[in-house]
Amino acid sequence: MELGIQLRQLRDNCPPVEEGRARGMTRKTAVRGLRALSEASLARIENGELNFRRNVGDLRTLLKRYAVTDEDLIEQLVELNREAPNEDWLTQYRAFMPAGMPHFVGLEAEAREILAYHPTVVYGLLQTEDYARALFEVQRPIEDTTSEFIQRNVNLRMERKRRVLQRDDVRLRIILGEAALRIPVGDDATMRDQYLEIIKLARQDRISVQVLPFKRGYRASSDFTILDLGELPARVQTDNAWGAVSTSDKPRERDRFTRRFNAMVGAAHGLEETIEFLEALTGK
């Protein structure tokens, strides 16, 4: 993301080469003559979704077109382009992940704060292994997935959970719709263990879990996640009907989803009420 932000700024502020522009150049002009780099690919790089992989020469060519001559800056950007070592673990899962998800998972592991809402399913970072597996199994005949697909995705979900929760510099604020806790997934033991897992996590200082009960008032109709990335722009993530993951760092979208989240915080149960609600579901 940092590489993409810097490249976008350099392109927007470089000396003009197109008629009628006071400064900068379009992506179409920037990639002209570069066989391995399209206008769409450059857009994804600037949005932090791709890097130049093995085509570092294209990065250097762009920097030359942007009139960047500072060798220290050039080497800094080349270094940013290299895959971060802490993302190597994602490689084994990429083939089983929907479009956009590898980018989101990479950002999730670096977020300072994660705000998430899910109306009908327990949020992924709160799930137990049995709940996650049961969720994929019930979808299997419809989505026509394989046993390997299910196992890889369960492993990925548990690894994501481990990597986020083991950090002491991240805060989670999760809102679950009441339906997410009442819709049965797997057998009774699976659901009971899931309730107990949420109770355990909700009692941690860095994790806030609230249940949004069935009642009149505002509630978002679809799930979403907001990632606070510190010095980098925050990202909003949503899923679509095709299973792809979409993210946006546009201030207007971040503000809109933040308003949605804050509206539901006020309507949802507080921490103690949420724990009491979950304990009642366990049968205690």
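In the predicted model, Glu 137 and Arg 140 form a salt bridge, with their closest N and O atoms 3.8 Å apart. Both residues belong to helix α7, which spans residues 129-143. They are three residues apart there, so about one helical turn separates them. Glu 137 is partly exposed, at a relative accessible area of 37%. Arg 140 is also partly exposed, at 28%.

A salt bridge also links Arg 182 and Glu 178, with an N to O distance of 2.6 Å. These two residues lie in helix α9, which covers residues 178-182. They are four residues apart, so the separation is again about one helical turn. The two partners differ in exposure. Arg 182 is partly exposed, with 45% relative accessibility. Glu 178 has 7% relative accessibility and counts as buried, because buried means under 20%.

Some salt bridges share partners, and these join Arg 11, Asp 12, Arg 27 and Glu 46 into one network. Within this network, Asp 12 pairs with Arg 11. The closest N and O atoms of this pair are 3.7 Å apart. Arg 11 is buried, with a relative accessible area of 7%. Asp 12 is partly exposed, with a value of 33%. Across the whole structure, the search finds 19 salt bridges.

Glu 46, a member of the network, is also one of the buried residues of helix α3. This helix runs over residues 39-46. Its other buried residues are Leu 42, Ala 43 and Ile 45. Seen down the helix axis, the buried residues of α3 fall within an arc of 160°, so they line one face of the helix. Several helices help to cover these buried residues, including α1 (2-13), α2 (27-30) and α4 (56-65). Just after α3 comes Gly 48, with a positive phi of about 80°.

Ser 248 offers a further local view. This residue lies in strand β6, which spans residues 245-248. Ser 248 has a relative accessible area of 18%, so it counts as buried under the 20% cut-off. A polar atom of the Ser 248 side chain lies 3.2 Å from the backbone nitrogen of Lys 250. Leaving aside residues up to four places away in sequence, Ser 248 touches Ala 234, Arg 235, Val 236, Glu 253 and Arg 254.

Technical notes. Residues are numbered from 1 along each chain as its sequence is written. This is a predicted model: local features need pLDDT of at least 70, side-chain atom pairs count only at pLDDT 80 or more; totals for chains, interfaces and linings use all residues. Side-chain values use heavy atoms; hydrogens and water are left out. Buried means under 20% relative accessible area, exposed over 50%, partly exposed in between (1.4 Å probe, protein chains only). A polar contact is a pair of N or O atoms within 3.5 Å; within protein, one must be able to donate a hydrogen and the other to accept it, and residues adjacent in sequence count only if both atoms are side-chain atoms. Contact means heavy atoms within 4.5 Å. The arc is that of the directions from the helix axis to the C-beta atoms. A salt bridge is a side-chain nitrogen of Lys or Arg within 4 Å of a carboxyl oxygen of Asp or Glu.
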